[in-house]
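Hi there,

Here is the model I promised to pass on. Have a look at it first, and then read my notes underneath.

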Amino acid sequence: MSDIILETKNLTKHYGGVHALEGADFILKRGEHVAIMGDNGAGKSTFVRQITGVEQRTRGTVIFDGEEVNFSGPIDAREAGIETVFQTLALADHLDVPDNLFLGREIFKFRLGPFSILDYKAMRKATLAGLEKTAVKIPNINNTIQNMSGGQRQCVAIARTATFASKLTIMDEPTAALGVQETAQVENIIRTLKEQGESLILVSHNMRQVFDLVDRIVVFRRGRIVANLDVKDTDGQDVVAYITGAKTGAEFEGAA
Amino acid sequence: MREPSALPWEEKMKKILLATGLVALMGTSAMAQQIGVSIARFDDNGLTVMRNGMTSHADTLDGVSLQVEDATDDVAKQLDQINNFVASGVDAIIVNAVDTNATEAMTAAAASAGVPLVYVNRQPINMDTLPDGQAFVASNEIESGTLKAFEVCKNLRAAGKSGGATAYILMGQLSNQAAVQRTKDVEDVLGMDMCNFITVIDKQTAEWSRDKAQDLMTNWLSSGEPFDAVFANNDEMAIGAIQALKANGISMDAVQVGGVDATADALQAMKAGDLDVTVFQDLAGQGSGSIDTALKLINGEAVDKTVFIPFKLVTPDNVDEFIAN
Amino acid sequence: MADKSHGIGGLSFDSSKRQWPNEINVFFALILIVVIFEILGAMVMGQSFLFDSNDRFDSIFNEARLRIIILQVAIIGIIAIGVTQVIITAGIDLSSGSVLGATAMIVMSFAQVAEVNGNPNPKALFGPAFLDLPVIIPILVGLAVGTLAGVINGALVAFARIPPFIVTLGMMLFARGVALWWSDGRPVSFPTETYGLIGKGMTPVYIFIALAILFHFIMKYTVYGKHTYAIGSNEDAARMSGINVARHLVLVYAIAGMLAGLSAIVITSKNLTAQSGMGFTYELEAIAMAVIGGVSLFGGRGSIIGTVIGALIIGVITSGFTFLRLGAYYQEMALGCIIVGAVALDQWQQKRAASRS
């Protein structure tokens, strides 16, 4: 089993005449935490959408866990082991924590088609285990998540990935809408995931956060990858230079 | 001296052509009798009988065509329909009023356009002040409730209850003059010396509906108040009351139930011994009568402002006559 | 005591932080309204509303009154069970009453008895081959017609993405037209005796309660129920979680249609007639029952139990006003106030719960 969990070769996406993503070669090793950075419209979100199967790529190959894949939709990607934590969280306010965690993949006591009976006990147990993995603090998981703080809700969303033994977690601006304390909460969980050997792609604008959490930074500019940096070898100013185009990584000469 | 038959050939031809033309003209104007009809609601037992009476009568007449519209119990919609009829140039309008208090506007609309208008079945509030070219064809609602109430009163006396009896009144939609009048008829009869041994416990509206009457009667029954008669403004509510009484184990011999309309369902209920009194309203007769009156108005003939078609009392004695029709 | 079965990370299970189910409030409202009528009854009528003050029954209650309270709301209650599910998905169904009307006309035509009082049925719509049919046939026809209407509603909402208000409004008008067209406005009466058993006595109530229990269970313990709440709460989240939202919505509206068809069977049996005007405004009364019972029009919240209590509240008010010999108009005014009051109270509750946690 190779130690590369995700690899893309020449990943390209055109929206009509717009080249949103061009020739992206990307590698992620098992257990690595990589940040994807870049200005607005640089191609970060497009890249994520191609990997998770939300859209179909124009060109290129994606190799996940050693196999070439072609996800027809995000559910496909999920079943293969890629969990995404969206900016909008994709949580249902009126449902409680176990309900949200297992939404779409409920555990059944009896299968009766659409009227299959739910196994609440099993789902509660698994939820507690998942929450423990992320060390999330929630007083009563049987309450609806409506009245929980933004940080707690974000933690529930992240706990989803821990519960389903994903092979790769992708987080798109997870703390963009959170306050300082809640951001710290979420970052703690990310560290816990690192300790447990989860692979992570983190899309973030937050330089401090990136340097606190990840091993490597990949910079996008104008649809192309322009830098692939080890955090130990660089600093904030350096990265900004790559983002704005003042600098271009050696092996990416010839890019925009 | 020249003989008339020796008129020049051209003159003769002209006369013949003229005569033919006149006949043809008269014929075509006789062809084009367009009557616009607005019915208060299509989904009403009794009004459907009236409506069908109109259409079948019109079918027997040469060159009369009806345009029948459903006002769906909507006062505003009905006025719109009248105005539409006027605008499309109908020769006459027949109106079965949704709200008998709201007929002034319709009378005005038709009168100002010079279109004859006939009110049918529901007595308009301006009945006494209808202008020329307008008339009212119906049965006199004073008769309906009165006939029913007298018969019930008579039956209660015969049953030995002249010492004192109590009754409920089920009313129709109170925006209908019929409901108001029929209720008043009952109360007037019960106010007379002969019948004032009967007191009314309560009167409520069940909106002409069988289901609402059934539930209302069941509610009344739950109070445990003893009673001897139920006066219903129409047969549907009478049947609803009967269903409630039977469901609660009350013998139909112990209670007098009276309705109005003599619908097919009611006649069967009477045959089965449940309904005691009803009153036949010749709705089909009202329907065809309204067409005839409209045609008379179109032709400028003299008509009575109000044409009353009599109600007929229906009891188990003569119910078979009515079933046969 | 630190109960680790719910809390994580060293926090104890705080039961005071558990959310109070909404149905309790609605139930208290019901009790309160009964008490008000009891007091008014003593003052105005010298009689008890709920209790057997004239000693006509074996129990301490006025059984006849208890029976009529629930009997008169049972039929619309059946519709309300279906409408509750639709509203929970953040949809709405305005067609229930008209679907009832159309189904009623069609169903009765298949339930005709051959002889009335010894003579041929004067109201038979179809030929002699369609008289005295086994009762299962009109029942199946009724359920099929209602379900068909529901499927059409659901498909238009889910696939054509037309707002539920518009779709069901269109179906409402269309179905009413079908009801009128079916027998040209003429009522259809005289069903077979077996058919008449369905709506006889308290059977409508038994049917209503049985369905309420069944659907309460379904909503709480099956994946269908869970997904219904999820879609109403956050349709995008549901979709992103892999739920086939379109197919689910069709199912929800189909069930609502089926229940409207079933209510048509019960009401035509109860009244032994089908009239094209039947069911008029029933959809609004059903929605009122759900809303009073705590269902949120924005979706995601509500329960069958709440709707049943809402139905009982309407039943109590109807009987209470008749008991006090007050006219129907005061009833309707009171109902209007209660609906708004119920929603206002519910919103205040939500705010309080939000500020407490």
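Below is what I found, mostly about how chain C meets chain A.

Please keep in mind that this is a predicted model. Its overall scores are ipTM 0.83 and pTM 0.83. For chain C, the average pLDDT is 89, and 93% of the residues score at least 70. The start of the chain is another matter: residues 1-14 of chain C have a pLDDT below 50, although this stretch makes 29 contacts in the model beyond near neighbours in sequence. Where pLDDT is low, the predicted coordinates should not be read in detail.

Now to the interface. Chain C brings 41 residues to the contact and chain A brings 38. Together they bury about 3000 Å², with carbon and sulfur atoms giving 61% of that area.

On the polar side, eleven residue pairs are in polar contact between chain C and chain A, counting pairs with both residues at pLDDT 80 or more. Five helices of chain C, H7 (203-221), H8 (223-233), H9 (235-240), H10 (245-271) and H13 (328-356), each supply at least two residues of the side that touches chain A. The largest share comes from H8(C), with seven residues. By type, the side of chain C that touches chain A has 18 nonpolar, 16 polar and seven charged residues.

Which side chains meet in a salt bridge? The rule finds one across this interface, and the partners are Lys226(C) and Asp99(A), at 3.0 Å from N to O.

Happy browsing, and best wishes!

How values were computed. Residues numbered from 1 in each chain as written. Chains lettered and ligands numbered in written order. Heavy atoms only, no water. Contact = heavy atoms within 4.5 Å. Buried area = accessible area lost by both parts, 1.4 Å probe. Salt bridge = Lys/Arg side-chain N within 4 Å of Asp/Glu carboxyl O. Polar contact = N/O pair within 3.5 Å; in protein donor to acceptor, adjacent residues only side chain to side chain. Helix = DSSP H or I, 4+ residues; strand = E, 2+ residues; numbered from the N terminus. Nonpolar A, V, L, I, M, F, W, Y, C, P; charged D, E, K, R; others polar. pLDDT = per-residue confidence, 0-100.
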